[in-house]
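User: Can you walk me through a structure? Short answers are fine.

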Amino acid sequence: MPFVVHGLPVSQGIAIGRAHLVSHALLEVDHLLIAPRHVDAEVIRLEDAAAKVRFELRALRETSASAQSEVSAFVDLHTMLLGDPMLVETACKLIRERRCNAEWALVQQMEAIVDVFDNIDDPYLRERKADVVQVVERVLKALLGHPGHVTSKRGKDDGLDTIVVAHDLSPADTIHFKDSQVSGFVTDVGGATSHTAIVARSLGIPAVVGLRHIRHIARDDDIIIIDGARGVAIIDPDERVLEEYRLRRSAIELERTKLKRLKANRAATLDGLEISLQANIELPRDVPGVKDVYADGIGLFRTEFLFMNRDTLPNEEEQFEAYKTVAKAMGGKPVTIRTLDIGADKNLSSGGPRPETNPALGLRAIRYCLAEPQMFLTQLRALLRASLHGKIKILIPMLAHAHEIDASLIAIEQAKAQLRAEKIKFDEAIPVGGMIEIPAAALALGIFVRRLDFLSIGTNDLIQYTLAIDRTDEAVAHLYDPLHPAILRLIAQTIQVGSKAGVPVSVCGEMAGDKTFTRLLLGMGLQQFSMHPTQILEVKQEILRSDSTDLAIKVGKLLRLDEPDKIREAVEKL
Ligand code: PEP
Ligand code: MG
């Protein structure tokens, strides 16, 4: 029976494929032999985890109401399986008899139960083994307390693409999809500007997050349609709906083909103002996509993706090669490389910042780099060495304090001095800029324009920190509002102050690539945008239809408004 689930649209387009339910917890179970004196505690640990899941399921049952009877049915089934003595009780016996850790005992018992299910003739009952696995995963997650790593292996090989269905995905998981057959993904949780969503957009793969119960509703190999623009997932669609979506997918492809005609056009407004349209990238292999749309440069290279999904940090040589490859490939066009912005939702497998209560407010980005001077120096040396092979600019993330800018500049000077002493050449005049993504920075711009060569507004974090909403949390996603008057003022003010001081300002957050904001940003005086390469042509089309003088007048008036409806109406009319 077809089932439509609504969530947050995070990456446009239509994907049609077979569901691949990814499991986190099952992949990271340790096999440990425990000391006899710890056996009781291990049993209690498993019982506590099961109790926690029972509680979670009860809460889920209460929130899923009668309108979602499919969800309630799953929850009831899972509660029943969890309560079956065959599962947790028998696993507790295994802990005592074999002295294995709780996770291992649970997985052994799950495998025994799944074997029984596999031999059942009734197809309906046989399918219930997936429910057993899901229940075990929930308990394992409660035991482990954190998500693991995702693979994108395929189920049925019938030529259909794979749609990854997960409770949650980290940006590190998502970046793997670059090398795989995954044509879209859907998750229970997540926010529209989470890094996971950003990676999806940069891959150009449709995605919907915040679907709440999709991981429970979908089954492996179900056909799923993702409508990335509407934020909808359709599970098990009938042939009529499938046909409609195939047609819509073709229409989108046709529109993209039409846009391609704009590739070689200069991005200039009707009144002749030239606008620089640059690209955001995560890895050197994104460069062909950048060149394909004739971007004017790279406005944001998020280097943290070079550091993720590995056990050790990349050394200077490896980083140098990556930066050099990008600089050379861009053939003299600017390449803005941001120093490591690790922390919050982007984590290192090799340790990194310690667990924090509020990671987005913790030792993230430049704070982490300044706390790890050797690691920072290695990156700066690699960046400086690569600067000889192209037009590299260094961008520092998450700055708020004058002393952080000063410390960063001192670190750059230190790296330069080392290279000079080693007679290694680099661009002595390499520009250094700062991200404006903390409200304090946008309100104290003097500190920035006096010390730095350029600024780049990170609207994703600027919105997160100004409105105090976690960008990864779907529960507060409805409060994530780029048109909040406070946000508009901070952006407009940054562009204005930068322009007066002769310090170029760009916007590299998600607002820059959303064509509904192009005219607004142009009217604020923005002349440099950086976005995923896949968004450049759409934004260029908007620019070609705009008159910057006219927009400046209209936006000047709009910025005096503070009623949300009036602002929205004025933006629509621009
Ligand atoms: C931003 O915060 O807007 C930004 C561009 O940086 P990131 O999304 O990588 O945090
Ligand atoms: Mg940011």
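Analyst: We can take a helix pair, a metal site and one more residue. Keep in mind that this is a predicted model.

User: Start with the metal. Which residues coordinate the magnesium ion (ligand 2)?

Analyst: Glu437 does so through OE and Asp461 through OD, at 2.0 to 2.1 Å.

User: Where in the chain do Glu437 and Asp461 sit?

Analyst: They come from distant parts of the chain, 24 residues apart. Glu437 is in the loop between β13 (432-436) and α17 (439-443). Asp461 is in helix α19 (residues 459-467).

User: Is Glu437 buried or exposed? And Asp461, buried or exposed?

Analyst: Glu437 has a relative accessible area of 2%, so it is buried. Asp461 is buried too, with a relative accessible area of 2%. The cut-off for buried is under 20%.

User: OK, next one. Where is Asp481?

Analyst: Asp481 lies in the loop between α19 and α20 (485-501). Its relative accessible area is 17%, so Asp481 counts as buried.

User: What does Asp481 touch?

Analyst: Leaving out residues up to four places away in sequence, Asp481 touches Ile463, Leu467, Ile487 and Arg568.

User: Now the helices. How do α3 and α4 cross?

Analyst: The axes of α3 (residues 88-98) and α4 (residues 102-118) come within 8 Å and cross at roughly 120°. That angle makes α3 oblique to α4. Their crossing is right-handed.

User: Which residues meet there?

Analyst: From α3, Thr90, Ala91, Leu94, Ile95 and Arg98. They meet Ala102, Ala105, Leu106, Gln108 and Gln109 in α4. The contact residues divide into six nonpolar, three polar and one charged.

Methods. Residues numbered from 1 in each chain as written. Chains lettered and ligands numbered in written order. Predicted model: local features only at pLDDT ≥ 70, side-chain atom pairs only at ≥ 80, totals over all residues. Heavy atoms only, no water. Axes fitted to C-alpha atoms, helices over the stretch in contact; angles between N-to-C directions. Helix = DSSP H or I, 4+ residues; strand = E, 2+ residues; numbered from the N terminus. Parallel < 35°, antiparallel > 145°, perpendicular 65-115°, else oblique. Left-handed = near helix turned anticlockwise from the far one by under 90°. Contact = heavy atoms within 4.5 Å. Nonpolar A, V, L, I, M, F, W, Y, C, P; charged D, E, K, R; others polar. Donors = N, O, S within 2.8 Å, 3.2 Å for Na, K, Ca; no water. Buried < 20%, exposed > 50% of the residue type's maximum accessible area, 1.4 Å probe, protein only.
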